[in-house]
Amino acid sequence: MKKDLCKITLSNGKEITFQKHVDEVLERIQDSEGKLYDGLIHFSEISINPKYVVSVEPVSNSFRTDNQRKIYT
C-alpha cells in the first residue's frame, strides 16, 4: 500500500519528511483560520516550531529511496 509522504522545509534550509498526508501535517501546525501556531508542535520523534516553516509539500515514494533520509511518523 502506498503511504503519503510530506516534506517540510524550515527557514534554516533543513528538510523534514513525514509519513503523513499534507493535510494531516497542516492540521497540526495551523489553526482553523490558517494561522501558524506559535510554539513547539510535537510529532512522534521530533518537535518543530511552525513559525519557521517555509513550505509544506507532498513528495513521491521515490523521494524516500532517492534521498535515503529519515521519515518521521
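The following paragraphs describe the fold, the interior and the charged contacts of a predicted model.

Residues are numbered from 1 along each chain as its sequence is written, and side-chain values rest on heavy atoms, with hydrogens and water left out. Because the model is predicted, local features need pLDDT of at least 70 and side-chain atom pairs count only at pLDDT 80 or more, whereas totals for chains, interfaces and linings use all residues.

The secondary structure of the chain comes to two helices and six strands, where helices (H or I, at least four residues) and strands (E, at least two) are DSSP runs numbered from the N terminus. Read from the N terminus, these elements follow the order β-β-α-β-β-β-α-β. Of the 73 residues of the chain, 33% count as buried; buried here means under 20% relative accessible area, exposed means over 50%, and partly exposed lies in between, with a 1.4 Å probe and protein chains only. Among the contacts in the chain with a separation of 6 or more, 51% come from residues 24 or more positions apart, a contact being defined by heavy atoms within 4.5 Å.

Helix α1, which spans residues 22-29, has Val22, Val25 and Ile29 buried. Seen down the axis of α1, these buried residues fall within an arc of 65°, so they line one face of the helix; the arc is that of the directions from the helix axis to the C-beta atoms. An α-helix has 3.6 residues a turn, so residues three or four places apart point the same way. The buried residues of α1 pack against four strands, namely β1 (5-10), β2 (15-18), β4 (47-48) and β5 (53-59).

The largest nonpolar core holds 14 residues, of which Ile8, Ile16, Phe18, Phe43, Ile46, Ile48 and Val53 touch the most other members. A nonpolar core is a set of buried Ala, Val, Leu, Ile, Met, Phe, Trp, Tyr and Cys residues joined through side-chain atoms within 4.5 Å. To this core β1, β2 and α1 each supply at least two residues. Ile16, one of the core residues named above, is in contact with Cys6, Lys7, Ile8, Leu10, Ile46, Ile48 and Tyr72 when its neighbours within four places in sequence are left aside.

One aromatic pair is counted under the rule that rings of Phe, Tyr and Trp (its six-membered ring) pair if their centres lie within 6.5 Å, planes under 30 degrees apart counting as stacked, over 60 as edge-to-face and the rest as tilted. The rings of Phe18 and Phe43 have centres 4.4 Å apart and planes at 40°, so the pair is tilted. This pair links distant parts of the chain, with Phe18 in strand β2 and Phe43 in the loop between β3 (41-42) and β4, 25 residues apart. Phe18 counts as buried at 0% relative accessibility, and Phe43 likewise counts as buried, at 8%. The charged end of Arg28 sits over the ring of Phe43, 4.4 Å from its centre; this description requires NZ of Lys or CZ of Arg to be within 6 Å of the ring centre and within 35 degrees of the ring normal.

The structure holds three salt bridges, each being a side-chain nitrogen of Lys or Arg within 4 Å of a carboxyl oxygen of Asp or Glu. Lys7 meets Glu15 in a salt bridge with an N to O distance of 3.5 Å, and Lys7 also forms one with Glu57, the closest N and O atoms being 3.6 Å apart. The pair of Glu57 and Lys7 links distant parts of the chain, Glu57 lying in strand β5 and Lys7 in strand β1, 50 residues apart. Lys7, Glu15 and Glu57 are thus linked in a network of salt bridges. Lys7 is buried, with a relative accessible area of 11%, whereas Glu15 is partly exposed at 32% and Glu57 is partly exposed at 31%. A salt bridge is also found between the side chains of Glu33 and Lys35 (3.6 Å, N to O), and both of these residues are exposed.

Strand β1 also contains Thr9, which is buried, with a relative accessible area of 15%. Thr9 and Val53 are 44 residues apart in sequence and 6.0 Å apart in space, C-alpha to C-alpha.
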